[in-house]
Amino acid sequence: MKSISKNRKAWHDYHIEDKVEAGLVLKGSEVKTLRQGQGSIAEGYALIRDNQAWLLNVYIPALKHASYMNHVERRDRKLLLKQKEIEKLDAATRQKGYTLVPLELYFDDNNRVKIELGLGKGKSSYDKRSSEKEKSAKREVREAKNASRR
């Protein structure tokens, strides 16, 4: 697995309850750009429209040498999921507060581009502060242990 882009902010903004792996329908110039390690899923999200899953607002920069065959950088991209998975995700996202958030974009073992989607419920600002406090407390304990070993 070769990671292209991770969405670390998703773990900060959402309680991730379920994960799903999906394929992407891409153009050749998009795949070449992703092989160079470029692309960002930080502002992206997924939704179910007309019984199909779509990935929106994901940035894949245009390839410099693709001429007229180049792609639009922030176009809607179709996700490849089984129909049962789509129905399950559609039912889950219809509940208030739930959304599909891209977590990681990567190449799998067969060199296919895959995306890991998380079914997340938005955190309130209080939840964000408390998770930040927990993280800093764990960091301090870890640093204290490392300092005592020296």
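Which residues line the largest pocket? In this predicted model, the lining of the largest pocket is formed by Arg 8, Trp 11, His 12, Lys 123, Ser 131, Glu 132, Glu 134, Lys 135 and Lys 138. Two elements, α1 (8-13) and α4 (125-149), each give two or more residues to this lining, and the largest share, 5 residues, is supplied by α4. Sorted by class, the lining of the largest pocket consists of 6 charged, 2 polar and 1 nonpolar residues, and the volume of the largest pocket is about 160 Å³.

Helix α2, which spans residues 28-35, has Ser 29, Glu 30, Thr 33 and Leu 34 as its buried residues. These residues lie on the same side of α2, because the arc that they cover around the axis is only 140°. Such an arrangement can be read against the general geometry of the α-helix, in which there are 3.6 residues a turn, so that residues three or four places apart point the same way. The elements covering the buried residues of α2 include the strands β1 (2-6), β5, β6 (98-107) and β7 (113-122). After α2 comes Gly 37, which has a positive phi, near 85°.

Three of the residues just described recur in the surroundings of His 71: when neighbours within four places in sequence are left aside, the contacts of His 71 include Ser 29, Glu 30 and Thr 33, each of which is listed among the buried residues of α2. The other contacts of His 71 under this condition are Lys 27, Ile 60, Pro 61, Ala 62, Leu 63 and Arg 77. His 71 is located in the loop between β4 (52-56) and β5 (77-80), and it counts as buried because its relative accessible area, 6%, falls under 20%. A polar atom of the side chain of His 71 lies 3.1 Å from the backbone oxygen of Ile 60, and the backbone oxygen of Pro 61 is found 3.2 Å from a polar atom of the His 71 side chain.

Strand β4 holds Gln 52, which is classed as partly exposed because its relative accessibility of 28% lies between the limits of 20% and 50%. Not counting residues up to four places away in sequence, Gln 52 touches Leu 47, Lys 78 and Ile 86. Between Gln 52 and Lys 19 the separation is 33 residues in sequence, and their C-alpha atoms are 18 Å apart in space.

Definitions and conventions. Residues are numbered from 1 along each chain as its sequence is written. This is a predicted model: local features need pLDDT of at least 70, side-chain atom pairs count only at pLDDT 80 or more; totals for chains, interfaces and linings use all residues. Side-chain values use heavy atoms; hydrogens and water are left out. Helices (H or I, at least four residues) and strands (E, at least two) are DSSP runs, numbered from the N terminus. Buried means under 20% relative accessible area, exposed over 50%, partly exposed in between (1.4 Å probe, protein chains only). A polar contact is a pair of N or O atoms within 3.5 Å; within protein, one must be able to donate a hydrogen and the other to accept it, and residues adjacent in sequence count only if both atoms are side-chain atoms. Contact means heavy atoms within 4.5 Å. The arc is that of the directions from the helix axis to the C-beta atoms. On a 1 Å grid over the protein atoms alone, a cavity is a set of points where a 1.4 Å probe fits but cannot get out, and a pocket is an open set with protein on both sides within 12 Å along at least five of seven lines; lining residues have an atom within 4 Å of a point. Grid points are joined across faces, edges and corners, and a volume is the space filled by probe spheres set on the points. Ala, Val, Leu, Ile, Met, Phe, Trp, Tyr, Cys and Pro count as nonpolar, Asp, Glu, Lys and Arg as charged, and the others, Gly among them, as polar.
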